[in-house]
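Reader: I have a model open on my screen and would like to know how its labels were reached. Could you take me through the reasoning?

Author: Gladly; here is the model, and we can start at the ligand.

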Amino acid sequence: MSSVKEKNVVIVGGGFGGATIARELSGKLDPSKYHITLVTLRPFMVNLTATIRLTTSELGVEEKKVIFPYDKLFHKKDVGTVKVGRVTAVEASEGSKPGCVVLEGGEKLSYNVLVLAPGFRWNGPVSLPYTEEETRAHIDSWREKFKTSKNIVVVGGGAVGIEFSGEIRDVYPDAKVTLIHRDRLLLNDFFPEKFRKAIEKDARAGGVDVVLNDSLEDLELKGTSVTLESGKKIDADLIIPAFGGKPATDFIASSLGADSLTDKGLVKVTKTLRLPAYTNIFAAGDIIDVQESKQVVPTYFHASVVAANVLAVLNDKEPKREYSKVPISMCVSNGRNRGLIYVDILWGIIFGNWVASFAKNFLFNLMPKNYGQ
Ligand SMILES: Cc1cc2nc3c(=O)[nH]c(=O)nc-3n(C[C@H](O)[C@H](O)[C@H](O)COP(=O)(O)OP(=O)(O)OC[C@H]3O[C@@H](n4cnc5c(N)ncnc54)[C@H](O)[C@@H]3O)c2cc1C
């Protein structure tokens, strides 16, 4: 069991949600009375939004803005610790009793208040390994693959697949890029038809071959082409899986009960972002069951609500801050200088290249800037 100060806050996940909550609390909690432990899988932060550009080539984004240490995360240094590890279970009693999280290997960390923010698990180039050395090798290896491939098939026409296609065509205009998507339009029906059509038009204008209503089941390349579900054959020397991010919530279901999650693996929360059966467990970021797009802006808003409510619980008060959804917005880049943004205000506004490139660069810089670089 870890050493116990008067009250411990444990946060699972050091991404946009967990790290933001840790930072916000670290400026407000007295180190002689409280301790924050941020448990996360890697010894460095990952700015997921820039991983597509980072793994495609060395152009357009500096590595230090995508992966960087946690050393400046806490406002007051002695109030918090970053613990590298994987949480495999939570031992909790219903209500407000203290509990503990269990790490792979068996170590236990006790908490008075727990925050769950483990995000999603991803496939392909953006799924970075767990050490710096392996991550550098992973980045170099993917960059080399993109550089030497001529017929690249990107599977999955959500934002990740669309952005990979655009990045590749921007850096390697001689490469043939085919983007395959199951649905009749790119993205999903969370977004209005006019934006989905505009995205498709923009991708095609960037030289991407878009194949809709089709799929590739076997992602192992066995020759010089692949055959889609429809029977269509496409030349291929590289396949990029860009689909199927899944909530990293298995340990929550096995510990807190399957009914703490929806059938999609998202965590059910109240308006204060608390788990209904536990008055001292909160959740934030991509994993929460709120009908919105899984993105950085809503995650920042969750973080601010959760930080305020954690402070209330630590002070034996009822948490009062409620989360209200932010308007849907989505920025999809098409290489370094193009892209589109949709914002669900007024009649649903679409902005073009200049605004999209500016917003993307702003986002790439937001995380390193906010965490003290
Ligand atoms: C390739 C890509 C591009 C994106 N681009 C954009 C964009 O342009 N704009 C935008 O708004 N959004 C974008 N997003 C979405 C955005 O990155 C997420 O909405 C945001 O990161 C969610 O924050 P989070 O804290 O919930 O999860 P994450 O940032 O994923 O952080 C989760 C953290 O939890 C840790 N973790 C997971 N499981 C465990 C465990 N069992 N024990 C301990 N630690 C654990 C992980 O190591 C990680 O540090 C993108 C996502 C991807 C994958």
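Author: This is a predicted model. A backbone N or O atom of Pro-118 sits 3.4 Å from an oxygen atom of the ligand.

Reader: What makes the pair formed by Pro-118 and the ligand a polar contact?

Author: The cut-off for a pair of N or O atoms is 3.5 Å, and the distance at Pro-118 is 3.4 Å, so the pair counts as a polar contact. Gln-295 also uses a backbone N or O atom, 3.3 Å from an oxygen atom of the ligand. With Thr-40, an N or O atom of the side chain is 3.1 Å from a ligand oxygen.

Reader: How much of the ligand's accessible area does the protein cover?

Author: On its own the ligand has 990 Å² of accessible area, and the protein covers 92% of that.

Reader: Which elements give two or more residues to the shell around the ligand?

Author: They are helix H1 (16–26), strand E2 (34–40), helix H2 (51–56), helix H7 (296–314) and helix H8 (353–370).

Reader: How many residues surround the ligand, and which are the closest?

Author: There are 32 residues around the ligand, the closest being Gly-17, Val-87, Asp-286, Val-296 and Lys-360. Sorted by class, the shell holds 15 nonpolar, 12 polar and five charged residues.

Reader: Why is the ligand said to lie between domain 1 and domain 2?

Author: Both domain 1 (7–122 + 245–314) and domain 2 (124–244 + 328–370) give residues to the shell, so the ligand lies between them. Taken over C-alpha atoms, the centres of domain 1 and domain 2 are 27 Å apart. Their contact takes 39 residues from domain 1 and 40 residues from domain 2.

Reader: Back to H1: what makes H1 largely enclosed by the rest of the structure?

Author: Of the 11 residues of H1, 10 are buried, so the helix is largely enclosed. Among the buried residues are Phe-16, Gly-17, Ile-21, Arg-23 and Leu-25. The buried residues of H1 pack against strand E1 (7–12), E2, strand E3 (44–46), strand E9 (113–116), H7 and H8.

Reader: Why is Leu-54 called buried?

Author: Buried means under 20% relative accessible area, and Leu-54 has 0%, so the label fits. Leu-54 lies in helix H2. Setting aside neighbours within four places in sequence, Leu-54 is in contact with Val-61, Glu-63, Val-66, Ile-139 and Arg-143.

Reader: How do you know that Arg-274 is buried?

Author: Arg-274 has a relative accessible area of 13%, and the limit is under 20%, so Arg-274 is counted as buried. Arg-274 lies in the loop between helix H6 (250–256) and strand E18 (281–283).

Reader: Which polar partners does the side chain of Arg-274 have?

Author: A polar atom of the Arg-274 side chain lies 3.0 Å from the backbone oxygen of Thr-279. The side chains of Arg-274 and Glu-318 are joined by a polar contact of 3.2 Å. Beyond its neighbours within four places in sequence, Arg-274 is in contact with residues including Lys-268, Ile-281, Phe-282 and Pro-319.

Reader: What makes Glu-200 count as buried?

Author: Its relative accessibility is 14%, under the 20% limit, so Glu-200 counts as buried. Glu-200 is placed in helix H5. Leaving out neighbours within four places in sequence, Glu-200 is in contact with Leu-185, Leu-186, Val-210 and Leu-212.

Reader: Why pick out the phi of Leu-187?

Author: Most residues other than glycine have a negative phi. Leu-187 is not a glycine, and its phi is positive, near 60°. Leu-187 is found in the loop between strand E12 (176–180) and helix H5 (193–205). With a relative accessible area of 4%, Leu-187 is buried.

Reader: And Asp-316: is that residue buried or exposed?

Author: Exposed means over 50%, and Asp-316 reaches 69% relative accessibility, so Asp-316 counts as exposed. Asp-316 has a positive phi of about 55° although it is not a glycine. Its place is the loop between H7 and strand E19 (329–333).

Notes: Residues are numbered from 1 along each chain as its sequence is written. This is a predicted model: local features need pLDDT of at least 70, side-chain atom pairs count only at pLDDT 80 or more; totals for chains, interfaces and linings use all residues. Side-chain values use heavy atoms; hydrogens and water are left out. A residue is near a molecule or strand if one of its heavy atoms lies within 4 Å of it. A polar contact is a pair of N or O atoms within 3.5 Å; within protein, one must be able to donate a hydrogen and the other to accept it, and residues adjacent in sequence count only if both atoms are side-chain atoms. Accessible areas come from the Shrake-Rupley method with a 1.4 Å probe; for residues, only the protein chains shown count as cover. Helices (H or I, at least four residues) and strands (E, at least two) are DSSP runs, numbered from the N terminus. Ala, Val, Leu, Ile, Met, Phe, Trp, Tyr, Cys and Pro count as nonpolar, Asp, Glu, Lys and Arg as charged, and the others, Gly among them, as polar. Domain bounds come from an automatic or database domain assignment. Buried means under 20% relative accessible area, exposed over 50%, partly exposed in between (1.4 Å probe, protein chains only). Contact means heavy atoms within 4.5 Å.
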